[in-house]
Structure formats: structure tokens, C-alpha cells
Amino acid sequence: MLTIILLTISNIFMTFAWYGHLKYRDTPLALAILVSWGIAFFEYCFLVPANRFGSYQFSTTQLKTIQEIITLVVFCFFSYFYFDEGVKTNQIIGFIFIVLAAYFIFKA
């Protein structure tokens, strides 16, 4: 559970680092890069321990799969609350296929 929590926190920082600046398009690009880089530092402060602790329980493929699913969930919330964008039916269907792919990755 610790791995999932750390990956979720990491992905929240990552999402803000990668996409948060899009709300402020008038900000100079160099400043957006520096701010994003600063936010990404905190992403790594959670991501590295998550992967280290998780590697005792999950394979690297499973860790990456967990991270990608968390990324999609975090991004849906981010896009809805930060950018006021709804999630479309075709996106939900695509996410379901990704979750199905995860099922097959974890199936022993």
C-alpha cells in the first residue's frame, strides 16, 4: 500500500510539473521550464522510494503498470478540476482497455 500512496503523490507532482503551466501560457517558456523542473524534484522524492519499496513486492513491469494506471486516474481528476475539462466516453473506454491490459500483466 505504501508503494501505491507514494506513486500517487509522485504522480500529482508530475502532473502539475508537466501540465500545470498550460493554464499560464503567457508565462515565459524559460520560467515555465524552471518551475516545472522544481516541481519535478518533489515528484522524484516520492517516485524513487515508491519504486525502491515496491521492487520487493512487484516486478518492474508491474510497478510501471501501477504507475501508468495511477497517472491516468490522477490526470482525469487534474483535467476535471484544474482545467474544467470533462472526461469523454471514448476516453473512459480507452482507460478500461488499459486496466484490462494491467489485468493481463498481473495475471500469473
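**Exercise 1. Helices H3 and H4**

Task: Determine how the axes of helix H3 (residues 60–82) and H4 are arranged where they come within 10 Å.

Solution. This is a predicted model.
- Step 1. Take the angle: the two axes cross at roughly 160 degrees.
- Step 2. Apply the cut-off: angles over 145 degrees count as roughly antiparallel.
- Step 3. Conclude: H3 and H4 are therefore roughly antiparallel to each other.
- Step 4. Add the hand: the crossing of H3 and H4 is left-handed.

**Exercise 2. Helices H1 and H2**

Task: Classify the packing of helix H1 (residues 2–19) and helix H2 (residues 29–54).

Solution.
- Step 1. The axes of H1 and H2 lie 8 Å apart.
- Step 2. Their packing angle is about 160 degrees.
- Step 3. The cut-off for roughly antiparallel is over 145 degrees, so H1 and H2 are roughly antiparallel to each other.
- Step 4. The crossing of H1 and H2 is left-handed.

**Exercise 3. The whole chain**

Task: Describe the protein chain by its helices and strands, its span and its buried share.

Solution.
- Step 1. Count the elements: there are 4 helices and 0 strands.
- Step 2. Read along the sequence: the pattern is α-α-α-α.
- Step 3. Take the span: along its principal axes, the C-alpha trace covers about 50 × 35 × 20 Å.
- Step 4. Take the burial: of the 108 residues, 28% are buried. Buried here means under 20% relative accessible area.

**Exercise 4. A charged pair**

Task: Find which side chains meet in a salt bridge, and place them in the structure.

Solution.
- Step 1. Recall the principle: side chains of opposite charge can pair when their charged atoms come close.
- Step 2. Count: the model has 1 salt bridge.
- Step 3. Name the partners: the side chains of Lys 64 and Glu 68 meet at 2.8 Å, N to O. The cut-off is 4 Å.
- Step 4. Place the pair: Lys 64 and Glu 68 are 4 residues apart in helix H3, so about one helical turn separates them.
- Step 5. Check exposure: Lys 64 has 43% relative accessibility and so counts as partly exposed. Glu 68, at 34%, also counts as partly exposed.

**Exercise 5. A nonpolar surface patch**

Task: Identify the residues of the nonpolar patch on the surface, then examine Ile 92 and Ile 93.

Solution.
- Step 1. List the members: Val 87, Ile 92, Ile 93, Ile 96, Phe 97, Leu 100, Tyr 103 and Phe 104.
- Step 2. Take the area: together they have about 800 Å² of accessible area.
- Step 3. Locate two members: Ile 93 is in helix H4 (residues 89–106). Ile 92 lies in helix H4 too.
- Step 4. Grade them: partly exposed runs between 20% and 50% relative accessible area. Ile 93 is at 44%, so it is partly exposed. Ile 92 is at 40%, so it is partly exposed.
- Step 5. Check a distance: the C-alpha atoms of Ile 92 and Glu 43 are 26 Å apart. Along the chain, these residues are 49 residues apart.

**Exercise 6. A positive phi**

Task: Examine the phi of Asp 84 and its setting.

Solution.
- Step 1. Recall the rule: most residues other than glycine have a negative phi.
- Step 2. Read the angle: Asp 84 has a positive phi of about 55 degrees, although it is not a glycine.
- Step 3. Locate the residue: Asp 84 sits in the loop between H3 and H4.
- Step 4. Grade exposure: the cut-off for exposed is over 50%. Asp 84 has a relative accessible area of 68%, so it is exposed.

Methods:
Residues are numbered from 1 along each chain as its sequence is written. This is a predicted model: local features need pLDDT of at least 70, side-chain atom pairs count only at pLDDT 80 or more; totals for chains, interfaces and linings use all residues. Side-chain values use heavy atoms; hydrogens and water are left out. Patches are made of residues with over 30% relative accessible area and no salt bridge: like charges are joined within 9 Å, nonpolar side chains (Val, Leu, Ile, Met, Phe, Trp, Tyr) within 5 Å. Accessible areas come from the Shrake-Rupley method with a 1.4 Å probe; for residues, only the protein chains shown count as cover. Buried means under 20% relative accessible area, exposed over 50%, partly exposed in between (1.4 Å probe, protein chains only). Axes are lines fitted to C-alpha atoms, for helices over the stretch in contact, and angles run from 0 to 180 degrees between N-to-C directions. Angles under 35 degrees count as roughly parallel, over 145 as roughly antiparallel, 65 to 115 as roughly perpendicular and the rest as oblique. A crossing is left-handed if the near helix is turned anticlockwise from the far one by less than a right angle, and right-handed if clockwise.
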